[in-house]
Amino acid sequence: MSTDTTASVSTHILDTSVGRPAEGVAISLTARSGRDAEWVALGGSATDADGRCKDLPALPEGTTHVRLDFEVEAYFSTNQQSDKKQAEAQQDAPRVRDSGASDVFFPEVAITFAVTPGEHYHVPLLLNPFGYSVYRGS
């Protein structure tokens, strides 16, 4: 959690192509203290069955910028066949039904944002193989 001198970060991912949480997506967290400072890797985690990543490392004091790197290509490769079967049953997800096995336009998603000490930043990622949306949640 955040303190008066640090910020904190959480995230979750919804796979909008099938309307469910994205489980097993690897996420790495890096931070820097100042616009011109070097990025420092703090660690990472993976999303759980609810698409949430509850154990990201704490941000060090003085952090001004954070980057979340989502490794989404492996997620889509792993889930392609089950998604295709579900889409055929629903017939409302042509992206899955009509795509080849390796159709992922964005294999990685990197989100960089500024932080202020004492604030919590929840960063949801709405994801599909051909696009994504991200916002500051609550």
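**Strands, core and side-chain pairs**

Reader: In strand 6, which residue is the bridge partner of Ala26?
Author: The model is a predicted one. Strand 3 and strand 6 pair in the antiparallel sense, over seven bridges. In the bridge that involves Ala26, the partner in strand 6 is Glu71.

Reader: Which residue of strand 4 stands opposite Leu29?
Author: Strand 3 also pairs with strand 4, residues 40–46. The two run antiparallel and are joined by six bridges. Opposite Leu29, the residue in strand 4 is Gly43.

Reader: How many of the residues of strand 3 are buried?
Author: Strand 3 covers residues 26–32 and is mostly covered. Of its seven residues, the number that count as buried is five.

Reader: In what order do the elements of the protein chain run from the N terminus on?
Author: The secondary structure comes to two helices and nine strands. Written from the N terminus, the order is β-β-β-β-β-β-α-α-β-β-β.

Reader: What share of the contacts in the protein chain with a separation of 6 or more comes from residues 24 or more positions apart?
Author: The protein chain has 138 residues, of which 40% count as buried. For contacts with a separation of 6 or more, the share from residues 24 or more positions apart is 66%.

Reader: Which element gives the most residues to the largest nonpolar core?
Author: This core has 26 residues, and those touching the most other members are Ile13, Leu68, Phe70 and Phe113. Elements that give two or more residues include strand 1 (8–15), strand 6 (65–71), helix 1 (72–90) and strand 7 (108–114). Strand 3 and strand 8 (120–128) are also on that list. With four residues, the element that gives the most is strand 8.

Reader: Which residue does Leu68 touch that has the highest number in its contact list?
Author: Residues up to four places away in sequence are not counted here. Leu68 touches Val9 and Thr11, then Ile27, Ser28 and Leu29, then Leu56. The list goes on with Val109, Ala110, Ile111 and Phe113, and it ends on Val123.

Reader: How far apart are the closest N and O atoms of Arg67 and Asp69?
Author: Side chains of opposite charge can pair when their charged atoms come close. Arg67 is partly exposed at 22% relative accessible area, whereas Asp69 counts as buried at 19%. The two form a salt bridge, and the N to O distance is 3.5 Å.

Reader: Over the ring of which residue does the charged end of Arg67 sit?
Author: Besides its salt bridge with Asp69, Arg67 has a contact with an aromatic ring. Its charged end is 4.4 Å from the centre of that ring, which belongs to Trp39.

Reader: Is Lys54, the salt-bridge partner of Asp48, buried or exposed?
Author: The structure holds three salt bridges, and one of them joins Asp48 to Lys54 at 3.8 Å, N to O. Asp48 has 25% relative accessibility and counts as partly exposed. The cut-off for exposed is over 50%, so with 65% relative accessibility Lys54 counts as exposed.

Reader: How many residues apart are Arg136 and Glu119?
Author: Their side chains meet in a salt bridge of 3.2 Å, N to O. Arg136 is partly exposed at 49%, and Glu119 is partly exposed at 34%. Arg136 lies in the segment after strand 9 (131–134) and Glu119 in the loop between strand 7 and strand 8. The pair links distant parts of the chain, and the separation in residues is 17.

Reader: Why are the rings of Tyr75 and Phe76 described as they are, and what is the term?
Author: The count of aromatic pairs is four. In this pair the ring centres are 5.0 Å apart. Tyr75 is buried at 4% relative accessible area, and Phe76 is buried at 1%. Planes over 60 degrees apart fall in one class, and these planes are at 65 degrees, so the pair is edge-to-face.

Reader: Which residue joins Phe105 and Phe106 in one aromatic cluster?
Author: Phe105 and Phe106 form an edge-to-face pair, 4.8 Å centre to centre with 80 degrees between the planes. Phe105 is exposed at 58%, while Phe106 counts as partly exposed at 30%. The other member of their cluster is Tyr132.

Note on methods. Residues are numbered from 1 along each chain as its sequence is written. This is a predicted model: local features need pLDDT of at least 70, side-chain atom pairs count only at pLDDT 80 or more; totals for chains, interfaces and linings use all residues. Side-chain values use heavy atoms; hydrogens and water are left out. A nonpolar core is a set of buried Ala, Val, Leu, Ile, Met, Phe, Trp, Tyr and Cys residues joined through side-chain atoms within 4.5 Å. Buried means under 20% relative accessible area, exposed over 50%, partly exposed in between (1.4 Å probe, protein chains only). Contact means heavy atoms within 4.5 Å. A salt bridge is a side-chain nitrogen of Lys or Arg within 4 Å of a carboxyl oxygen of Asp or Glu. Two strands pair if DSSP finds at least two bridges between them. Rings of Phe, Tyr and Trp (its six-membered ring) pair if their centres lie within 6.5 Å; planes under 30 degrees apart count as stacked, over 60 as edge-to-face and the rest as tilted. A charge sits over a ring if NZ of Lys or CZ of Arg is within 6 Å of the ring centre and within 35 degrees of the ring normal.
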